[in-house]
Amino acid sequence: MGRSKKMPVVGRLIERRNNCVGCGYCCSKVVCILGFQKYGPNPPCPALVEHDGRFWCGLVENAKGMEKEELIAELAIDAGCTSSMFNNVRDSQIAKMKGKDENF
Ligand code: SF4
Ligand code: SF4
């Protein structure tokens, strides 16, 4: 679900808590099954890529067509953050994003 300026404050807070904000924490700590199959078990995952302060999955970024759609589904991209609690890296990312986007 995309962000909405009209969403009530509580709704925005819950949504923000659950969104992936691309801090890279999860993939720097644990390699997922797809990364494991390609690179082995040791974090940080070599597929992790960074653009303009936001981290992305390089396997998804470089895939095309159906393969890309399958990877997005397998990794549950857009389903929310897997590691939002006690995650200072994510909190810092949110603070940076708030500094860039007053509506965040
Ligand atoms: S393959 Fe992609 S989603 Fe999986 S750990 Fe590596 S960067 Fe993260
Ligand atoms: S820890 Fe959460 S916010 Fe950070 S990259 Fe992973 S899923 Fe996204």
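**Close-up views of a predicted model**

**View 1. The surroundings of ligand 2.** In this predicted model, 14 residues lie around ligand 2, and those that come nearest are Cys20, Cys23, Tyr25, Cys26 and Cys81. The shell is mixed in class. Seven of its residues are nonpolar, six are polar and one is charged.

**View 2. The surroundings of ligand 1.** Ligand 1 has a shell with ten nonpolar residues, one polar residue and no charged ones. Four cysteines are named here by position: Cys27, Cys32, Cys45 and Cys57 belong to the surroundings of ligand 1. Leucines also take part, namely Leu34, Leu48, Leu59 and Leu75. Val31, Gly35 and Ala47 complete the list.

**View 3. The protein chain as a whole.** Six helices and two strands make up the secondary structure of the protein chain. Read from the N terminus, the order of elements is α-α-α-β-β-α-α-α. The protein chain has 104 residues, and 13% of them count as buried. Take the contacts between residues at least 6 apart in sequence: 47% of these join residues at least 24 apart.

**View 4. The hairpin of E1 and E2.** Strand E1 covers residues 48-51, and strand E2 covers residues 54-57. The two strands pair in the antiparallel sense, over four bridges. One pair can be picked out: valine 49 has tryptophan 56 of E2 as its bridge partner. Two residues stand between the strands of this hairpin. In the turn, aspartate 52 has a positive phi of about 50 degrees.

**View 5. Glycine 58 beside the hairpin residues.** Glycine 58 belongs to helix H4, which spans residues 58-62. Beyond residues up to four places away in sequence, glycine 58 touches Ala47, Leu48 and Val49. Alanine 47 is eleven residues from glycine 58 along the chain, yet their C-alpha atoms are separated by 4.8 Å. Glycine 58 counts as partly exposed because it has 16 C-beta neighbours inside 10 Å, while a buried residue needs 20 or more.

**View 6. Valine 21, a buried loop residue.** Valine 21 sits in the loop between helix H1 (9-18) and helix H2 (25-29). There are 21 other C-beta atoms within 10 Å of valine 21, so this residue is buried. Leaving aside neighbours within four places in sequence, the contacts of valine 21 are Arg90, Gln93, Ile94 and Met97. Isoleucine 94 is 73 residues away along the chain, but the C-alpha atoms of valine 21 and isoleucine 94 are separated by 6.9 Å.

**View 7. The largest nonpolar core.** Eight residues form this core: Val21, Cys23, Tyr25, Cys26, Cys27, Val31, Cys45 and Phe55. Helix H2 gives the largest share, three residues. Cys23, Tyr25 and Cys26 of the core are also among the residues that come nearest to ligand 2. Cys27, Val31 and Cys45 of the core also surround ligand 1. Valine 31 touches Cys45, another core member. Not counting residues up to four places away in sequence, valine 31 also touches Phe36, Tyr39, Pro41, Asn42 and Pro43.

**View 8. Helix H5 and the residue after the helix.** Helix H5 runs over residues 65-74. None of its ten residues is buried, so helix H5 lies largely in the open. Alanine 76 follows H5, and its phi is positive, near 55 degrees.

Methods. Residues are numbered from 1 along each chain as its sequence is written. Chains are lettered from A and ligands numbered from 1 in the order in which they are written. This is a predicted model: local features need pLDDT of at least 70, side-chain atom pairs count only at pLDDT 80 or more; totals for chains, interfaces and linings use all residues. A residue is near a molecule or strand if its C-beta atom, placed from the backbone, lies within 6 Å of it. Ala, Val, Leu, Ile, Met, Phe, Trp, Tyr, Cys and Pro count as nonpolar, Asp, Glu, Lys and Arg as charged, and the others, Gly among them, as polar. Two strands pair if DSSP finds at least two bridges between them. A residue is buried if 20 or more other C-beta atoms lie within 10 Å of its own, exposed if 12 or fewer, and partly exposed in between; C-beta atoms are placed from the backbone. Two residues are in contact if their C-beta atoms, placed from the backbone, lie within 7 Å. A nonpolar core is a set of buried Ala, Val, Leu, Ile, Met, Phe, Trp, Tyr and Cys residues joined through C-beta atoms within 7 Å.
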